[in-house]
Amino acid sequence: MKMTNREAVIEYCLTFPEVYVDTPFRDINWVVVRSKKNKKIFAWTYERFGKIWVNVKVDTEWRDFWRRVYPSVVPGYHQNKDHWNSIILDGTIPDEDIKRMLRESYEMIVGKA
């Protein structure tokens with residue numbers, strides 16, 4: 001499935017071990033994927049300006065790289081701009097790179113208690 005909608009993102013995130021989907025704000029616009037082990041969120045999905053956005057945790061060494069390469073990767077909306085990027089699913093970012101950012105976000109949170 002092409003990574004241009006929330007369903008595709010969630011479907012991909014559910015391929016990681018020990019994760020689950022949650023709606024932490026009881027607001028169906030905000031759907032997240034968490035680690036079962038530590039309950040930390042690694043993917044926040046929401047609609048904003050008519051597009052689906054995904055917030056991912058990012059290593060500070062890669063943060064600016066992603067923002068420079070893709071205009072649709074911006075500082076994390078409603079999150080710490082140093083540690084989170086927002087990916088706007090507008091079809092301009094290759095699926096492989098979206099999956100890489102999701103995987104790296106997952107890997108950053110699974111080892112933490």
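For the charge count used here, Lys and Arg are positive and Asp and Glu negative, with His and the chain ends left out. On that basis, the chain carries 19 positive and 16 negative charges, and the mean positions of the two sets lie 5 Å apart. Keep in mind that what you're looking at is a predicted model.

Let's start with the overall layout. The chain has three helices and six strands. Reading from the N terminus, you meet them in the order α-β-β-β-β-α-β-β-α. How does the chain's radius of gyration fit with its 113 residues? A compact globule of that length would come out near 13 Å, and the chain has 13 Å, so the two agree. Put a box around the C-alpha atoms along the principal axes and you get roughly 35 × 30 × 25 Å.

Now for what's inside and what's outside. Of the 113 residues, 47% count as buried. The chain exposes about 6,200 Å², with carbon and sulfur atoms supplying 52% of that. As for contacts with a separation of 6 or more, 46% are between residues 24 or more positions apart.

Next, zoom in on strand β2. Five of its five residues are buried, so the strand is largely enclosed by the rest of the structure. Val31, Val33 and Ser35 point one way, while Val32 and Arg34 point the other, and all are buried.

What does β2 pair with? On one hand there's strand β1 (residues 19–22), which runs antiparallel to β2 and is joined to it by four bridges. Here tyrosine 20 stands opposite arginine 34 of β2. On the other hand there's strand β3 (residues 41–48), also antiparallel to β2 and also paired over four bridges. β2 and β3 make a hairpin with five residues between them, and in the turn lysine 39 has a positive phi of about 70°.

Valine 32 is a handy residue for tying this together. It belongs to β2, which covers residues 31–35. Is valine 32 buried or exposed? Buried means under 20% relative accessible area, and valine 32 has 0%, so it counts as buried. Its bridge partner in β3 is tryptophan 44. Beyond its neighbours within four places in sequence, valine 32 is in contact with Tyr20, Val21, Asp22, Pro24, Ile41, Ala43 and Trp44. Phenylalanine 42 is 10 residues from valine 32 in sequence, and their C-alpha atoms are 7.6 Å apart in space.

Notes:
Residues numbered from 1 in each chain as written. Predicted model: local features only at pLDDT ≥ 70, side-chain atom pairs only at ≥ 80, totals over all residues. Heavy atoms only, no water. Helix = DSSP H or I, 4+ residues; strand = E, 2+ residues; numbered from the N terminus. Rg over C-alpha atoms; globule rule 2.2 N^0.38 Å. Buried < 20%, exposed > 50% of the residue type's maximum accessible area, 1.4 Å probe, protein only. Contact = heavy atoms within 4.5 Å. Areas by Shrake-Rupley, 256 points an atom, 1.4 Å probe, with all protein chains shown as cover. Charge placed at Lys NZ, Arg CZ, Asp CG, Glu CD. Pairing = 2+ DSSP bridges.
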